[in-house]
Amino acid sequence: TETNIADVPSSVEMFTLGVEGVIQHKGMRGYYRQPALVHLSVKATPQEKKPPPVDPFTGKVITEPGSTSLQRLIDPKNNYFTSSFLLRLPLSGRYDVSVEANLVDETGRQWTTGPRVCLEVQKDSPPPTSS
């Protein structure tokens with residue numbers, strides 16, 4: 001797991017994250033499974049934890065405020081894949097952004113073989129307005 005930090009200006013609410021990779025076979029001659037798709041998962045969560053809101057009717061926890069989860073299936077070309085995600089960062093402060101890549105074989109089974117990369121994104125607070 002690798003950690004990086006990116007700064008996002010306060011005026012920006014959307015953050016574009018580009019993901020690309022190469023499928024490596026570790027030198028095996030006859031592949032045990034043939035990757036058909038790459039399943040990418042991206043999650044952005046604010047570091048400052050606030051109690052999640054609860055639905056007053058059902059008593060269930062509503063989605064964590066400020067968090068974003070996106071998934072995408074990518075068809076790799078010559079063992080290379082690339083994709084972009086548009087993440088919404090509604091709150092100021094630091095976010096933990098994690099990206100996970102898994103393989104989906106020709107039978108549709110998902111294999112948790114890919115890397116998981118984490119980065120930290122800092123969204124600045126808006127400047128104070130003068131009156």
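Which residue in β7 is the bridge partner of V104? To find it, select V104 and follow its pairing across to β7, where the partner is Q110. Before going on, keep in mind that this is a predicted model, in which local features need pLDDT of at least 70 and side-chain atom pairs count only at pLDDT 80 or more, while totals for chains, interfaces and linings use all residues. Residues are numbered from 1 along each chain as its sequence is written, and side-chain values use heavy atoms, with hydrogens and water left out.

**The whole chain**

Begin with the protein chain in cartoon view, where there are zero helices and eight strands, so that the order along the sequence reads β-β-β-β-β-β-β-β. Both kinds of element are DSSP runs numbered from the N terminus, helices being H or I with at least four residues and strands being E with at least two. Switching to a surface, the protein chain exposes about 9000 Å², of which carbon and sulfur atoms supply 52%; accessible areas come from the Shrake-Rupley method with a 1.4 Å probe, and for residues only the protein chains shown count as cover. Of the 131 residues, 30% count as buried, a class that means under 20% relative accessible area, with exposed meaning over 50% and partly exposed lying in between (1.4 Å probe, protein chains only). Contacts, defined by heavy atoms within 4.5 Å, can be sorted by sequence separation: among those in the protein chain with a separation of 6 or more, residues 24 or more positions apart account for 72%.

**Strand β6 and its partners**

Next select β6, residues 93-105, together with β3, residues 35-46, which runs antiparallel to it and is joined to it by 11 bridges. Two strands are said to pair if DSSP finds at least two bridges between them. Within this pairing, A44 has V97 of β6 as its bridge partner. Adding β8, residues 116-123, shows another antiparallel pairing with β6, this one over eight bridges, and here R94 stands opposite Q122 of β8. Then add β7, residues 110-111, which pairs with β6 in the antiparallel sense over two bridges. β6 and β7 form a hairpin with four residues between them, and G108 in the turn has a positive phi of about 95°.

Stay in β6 and select N102, which counts as buried because its relative accessibility is 5%. Leaving aside neighbours within four places in sequence, N102 is in contact with L37, V38 and H39, and also with Q110, W111, T112, T113 and G114. From that list, pick T113, which is found in the loop between β7 and β8 and is partly exposed, with a relative accessible area of 41%. T113 and E100 are 13 residues apart in sequence, and their C-alpha atoms are 9.6 Å apart in space.

**The nonpolar core**

Now turn to the interior. In soluble globular proteins, nonpolar side chains tend to be buried together. A nonpolar core is a set of buried Ala, Val, Leu, Ile, Met, Phe, Trp, Tyr and Cys residues joined through side-chain atoms within 4.5 Å. The largest one here has 20 residues, of which L17, V38, L40, F81 and V97 touch the most other members. The elements that give two or more residues to this core are β2 (14-22), β3, β5 (80-88), β6 and β8, and β6 gives the most, with five residues.

Centre the view on L40, whose contacts, not counting residues up to four places away in sequence, include V19, L70, R72, F81, F85 and A101. Two of these deserve a closer look, since the charged end of R72 sits over the ring of F85, 4.5 Å from its centre; the criterion is that NZ of Lys or CZ of Arg is within 6 Å of the ring centre and within 35 degrees of the ring normal.

**The loop between β4 and β5**

Finally, select N78 and N79. N79 lies in the loop between β4 (68-74) and β5, and N78 is found in that loop as well. Phi of N78 is near 55° and phi of N79 is near 65°, each a positive value in a residue other than glycine. N78 is exposed, with a relative accessible area of 80%, whereas N79 counts as partly exposed at 25% relative accessibility. Not counting residues up to four places away in sequence, N79 touches G21, V22, I23 and H25. As a last distance to draw, N79 and V38 are 41 residues apart in sequence and 9.8 Å apart in space, C-alpha to C-alpha.
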